[in-house]
Amino acid sequence: LQQQSGNLRQSLSSFEDCLHIRQEFLGQDHPSCGELLFFIGNLLREAGDLDLAQERFQESLIILEKTCADSDEVADVLFSLGVLHTEQKKYSEALDAYVRSLHIRRSRGASNITIAEILNNIGLTYFETKEYKKAQI
């Protein structure tokens, strides 16, 4: 509710409290901690704290790759990292994240809409780097 009302800082505080509780009771490497770190990363990105968002995404990715490699959750984190890197103008890192996300999604039989969204972001990233021929592929 706090996130929907636009109170990002209060939402962030609530998510962090929840994370500490989960870590205490489930362990730091539990998949639900990885998912919560992903949500925190998205909130931080929305709030404009890109460096801390990247840290949370990376922490999430480490946990989720250990516990549920090549899952939809890992693909989601990679896609969000791609968006974040694009916002930071780190285009090579963005492309790496998008391509990894695309590979996972294709291997899991994702919908055409999901695949199209990733391909769109790959194309936009190539456009930003003025690699117009690659953007058309």
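Helices (H or I, at least four residues) and strands (E, at least two) are taken here as DSSP runs, numbered from the N terminus. The structure is a predicted model, in which local features need pLDDT of at least 70 and side-chain atom pairs count only at pLDDT 80 or more, while totals for chains, interfaces and linings use all residues. Residues are numbered from 1 along each chain as its sequence is written, and side-chain values use heavy atoms, with hydrogens and water left out.

**Nonpolar cores**

A nonpolar core is a set of buried Ala, Val, Leu, Ile, Met, Phe, Trp, Tyr and Cys residues joined through side-chain atoms within 4.5 Å. Buried denotes under 20% relative accessible area, exposed over 50%, and partly exposed the range in between (1.4 Å probe, protein chains only). The largest such core comprises 23 residues, and those with the most contacts inside it are L19, F57, L61, V74, V77 and L81. At least two residues of this core are supplied by each of helix 1 (8-26), helix 2 (31-47), helix 3 (50-68), helix 4 (72-87) and helix 5 (91-107). Helix 2 provides the largest share, seven residues. Another core, of ten residues, lies apart from this one and includes F79, A94, I118 and Y126.

Contact means heavy atoms within 4.5 Å. With neighbours within four places in sequence left aside, L61 is in contact with V74, V77, L78, L81 and R100.

**Helix 6 and N121**

Helix 6 covers residues 112-128 and contains N121. The expected span of a helix is 1.5 Å times one less than its number of residues. For the 17 residues of helix 6 this gives 24 Å, in agreement with the 24 Å between its end C-alpha atoms. Its buried residues are I115, I118, N121, I122, G123, T125 and Y126.

N121 counts as buried because its relative accessible area is 14%. Residues up to four places away in sequence not being counted, N121 touches F79, V83 and Y98. The C-alpha atoms of N121 and Q88 are separated by 14 Å, the two residues being 33 apart along the chain.

**Positive phi angles**

Three residues with positive phi are listed below.

| Residue | Phi | Place |
|---|---|---|
| D70 | about 55° | loop between helix 3 and helix 4 |
| K89 | near 65° | loop between helix 4 and helix 5 |
| K130 | about 60° | just after helix 6 |

D70 is partly exposed, since its relative accessibility is 46%. K89, at a relative accessible area of 58%, is exposed.

**A nonpolar surface patch**

Patches are made of residues with over 30% relative accessible area and no salt bridge (a side-chain nitrogen of Lys or Arg within 4 Å of a carboxyl oxygen of Asp or Glu). In them, like charges are joined within 9 Å and nonpolar side chains (Val, Leu, Ile, Met, Phe, Trp, Tyr) within 5 Å. Accessible areas come from the Shrake-Rupley method with a 1.4 Å probe, and for residues only the protein chains shown count as cover. I21, F25 and L26 form a nonpolar patch on the surface, together having about 350 Å² of accessible area. F25 belongs to helix 1 and counts as exposed because its relative accessibility is 65%.
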